[in-house]
Amino acid sequence: MLFATIFMVAFVLLGGVVLYLSKTIDHGEARFDSSGKVIKDKADAPKGDAKPAQRLDKDATPNQVKDDNE
């Protein structure tokens, strides 16, 4: 009974440490340039209105399907 209690307390403490670290450590994939330096995201970039995607017709093939609204 004592062993089970110690095990459960250790398990809960370890779970708490894991949850704390998962909230505080930045997740994601690092990107590197050709010199090996880390490319950082630009958090200072202005956040304006979203721009809709545009079709690149110069690379279109003859068999490419067109939009319904064209």
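Here are a few friendly notes on this predicted model, from its overall layout down to one pair of rings.

1. Start with the overall layout. The protein has one helix and two strands, and from the N terminus on these elements follow the order α-β-β.

2. Next, look at how much of the chain is covered. Of the 70 residues in the protein, 0% are buried. The accessible surface comes to about 7600 Å², and carbon and sulfur atoms account for 61% of that surface.

3. Part of this surface is worth a closer look. F3, F7, M8, F11 and V12 make up a nonpolar surface patch, and together these residues have about 610 Å² of accessible area. One of them, F11, sits in helix α1, which covers residues 2-24.

4. How many aromatic pairs does the model have? The count is one. That pair is F7 with F11, and the two rings are stacked, with 6.3 Å from centre to centre and 20° between the planes. The term "stacked" applies because the planes are under 30 degrees apart.

5. Why are F7 and F11 separated by about one helical turn? Both belong to helix α1 and they are four residues apart there, so about one turn of the helix lies between them.

6. Finally, are the two ring-bearing residues buried or exposed? F7 is partly exposed, at a relative accessible area of 48%. F11 is exposed, because its relative accessible area is 54% and the cut-off for that term is over 50%.

Key:
Residues are numbered from 1 along each chain as its sequence is written. This is a predicted model: local features need pLDDT of at least 70, side-chain atom pairs count only at pLDDT 80 or more; totals for chains, interfaces and linings use all residues. Side-chain values use heavy atoms; hydrogens and water are left out. Patches are made of residues with over 30% relative accessible area and no salt bridge: like charges are joined within 9 Å, nonpolar side chains (Val, Leu, Ile, Met, Phe, Trp, Tyr) within 5 Å. Accessible areas come from the Shrake-Rupley method with a 1.4 Å probe; for residues, only the protein chains shown count as cover. A salt bridge is a side-chain nitrogen of Lys or Arg within 4 Å of a carboxyl oxygen of Asp or Glu. Rings of Phe, Tyr and Trp (its six-membered ring) pair if their centres lie within 6.5 Å; planes under 30 degrees apart count as stacked, over 60 as edge-to-face and the rest as tilted. Buried means under 20% relative accessible area, exposed over 50%, partly exposed in between (1.4 Å probe, protein chains only).
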